[in-house]
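Here is a note on the model for our discussion. The points run from the overall fold to single residues and charged pairs.

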Amino acid sequence: MPHVSKRNLNPHAIGEDVVSLMSIRNGRPEPNIMEMLPTEMTVRIFSELDVRSLCRASVTCKRWNVIIESSDNLWRSHCLSGLAVCRREVDGDRSDGLSWKVTLVRNYQKSRVKRRWLNGKYSNICCAEDLPLNSMCPLDVETWGEILEAELDR
C-alpha cells in the first residue's frame with residue numbers, strides 16, 4: 001500500500017489558499033485559530049503592533065484587512081504618539097473630520113523627520129547631499145521655525 005501524505009489530501013476539494021490557512025488533523029482540515037477568534041480579540045492583538053507591522057498585517061488576508069481598515073482605534077494610538085511632534089497638523093486633520101488612519105498617514109513621515117531634527121540627528125549636516133536618503137518631506141514654515149530654534153539652542 002503506497003504511503004499517502006496528509007499534505008496531499010484531496011487538493012481539488014479545497015482551494016490552495018484555504019489549505020494554506022488550515023492545519024490537517026485526523027485527515028480533516030482544521031480552521032486557523034486566527035480565523036476562529038472573535039473580531040474584538042483580533043483587534044486587541046492588532047493593537048499591540050507597531051505601525052509597520054500593522055500595515056503588513058493588513059495585507060496578509062482579506063479578513064485582517066477589513067478588521068484593520070475598519071478599526072479606527074488601531075490607528076489612534078499611533079497617531080497620538082506623533083501628536084507631541086505634530087500637534088498642529090494632527091489637530092487640524094481631526095478638526096477637518098479625517099479618520100485617525102488618514103491623519104496618521106498624512107503626518108507620519110513629517111513627525112519622523114521633525115522628531116529626528118529636534119533630537120539633533122541632522123545637527124552636523126553641512127549640505128543637502130549629506131542627508132540620508134528618504135529622510136526629508138515637505139515641512140511648513142512653522143515647523144522649520146521650531147527646528148531652527150532647537151538648532152540655535154544646541
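Does the span of helix 6 agree or disagree with what its 12 residues should give at 1.5 Å a residue?

1. Basis of the note. This is a predicted model, in which local features need pLDDT of at least 70 and side-chain atom pairs count only at pLDDT 80 or more, while totals for chains, interfaces and linings use all residues. Residues are numbered from 1 along each chain as its sequence is written, and side-chain values use heavy atoms, with hydrogens and water left out.

2. Helix 6. The span agrees: residues 72-83 should cover 16 Å, and the end C-alpha atoms are 16 Å apart. The expected span is 1.5 Å times one less than the number of residues. Helices (H or I, at least four residues) and strands (E, at least two) are DSSP runs, numbered from the N terminus.

3. Overall make-up. The protein chain has 9 helices and 2 strands, in the order α-β-β-α-α-α-α-α-α-α-α from the N terminus. Of its 154 residues, 27% are buried, where buried means under 20% relative accessible area, exposed over 50%, and partly exposed in between (1.4 Å probe, protein chains only). About 10,900 Å² of the protein chain is exposed, with carbon and sulfur atoms supplying 55% of it; these areas come from the Shrake-Rupley method with a 1.4 Å probe, and for residues only the protein chains shown count as cover.

4. Contacts along the chain. Among contacts (heavy atoms within 4.5 Å) with a separation of 6 or more, 52% join residues 24 or more positions apart.

5. Surroundings of helix 6. Its buried residues are L74, W75, H78, C79, G82 and L83. They pack against helix 3 (39-46), helix 4 (51-58), helix 5 (62-70), helix 7 (87-95) and helix 8 (100-118).

6. Nonpolar cores. A nonpolar core is a set of buried Ala, Val, Leu, Ile, Met, Phe, Trp, Tyr and Cys residues joined through side-chain atoms within 4.5 Å. The largest has 17 residues, and F46, L54, W64, I68, L74 and W75 have the most contacts inside it. Helix 4, helix 5, helix 6 and helix 8 each supply at least two residues of this core, and helix 6 gives the largest share, 4 residues. Leaving out residues up to four places away in sequence, W75 touches L54, C55, I68, W100, K101 and L104. A second, separate core of 7 residues includes V113, L131, C137 and L139.

7. A buried lysine. K114 lies in helix 8 and is buried, with a relative accessible area of 2%. Apart from neighbours within four places in sequence, K114 contacts V85, C86, T143 and E146.

8. Salt bridges. Side chains of opposite charge can pair when their charged atoms come close. The structure holds 10 salt bridges, each a side-chain nitrogen of Lys or Arg within 4 Å of a carboxyl oxygen of Asp or Glu. R88 pairs with E89 (3.7 Å, N to O) and with D140 (3.5 Å, N to O). The R88 and D140 pair links distant parts of the chain, 52 residues apart: R88 is in helix 7, and D140 is in the loop between helix 8 and helix 9 (141-153). R88 is partly exposed at 35% relative accessibility, E89 is buried at 10%, and D140 is partly exposed at 29%.

9. C-terminal pair and network. E151 and R154 form a salt bridge (3.4 Å, N to O); E151 is partly exposed at 23%, as is R154 at 45%. Through salt bridges that share partners, R88, E89, K114, D140, E142 and E146 join into one network.
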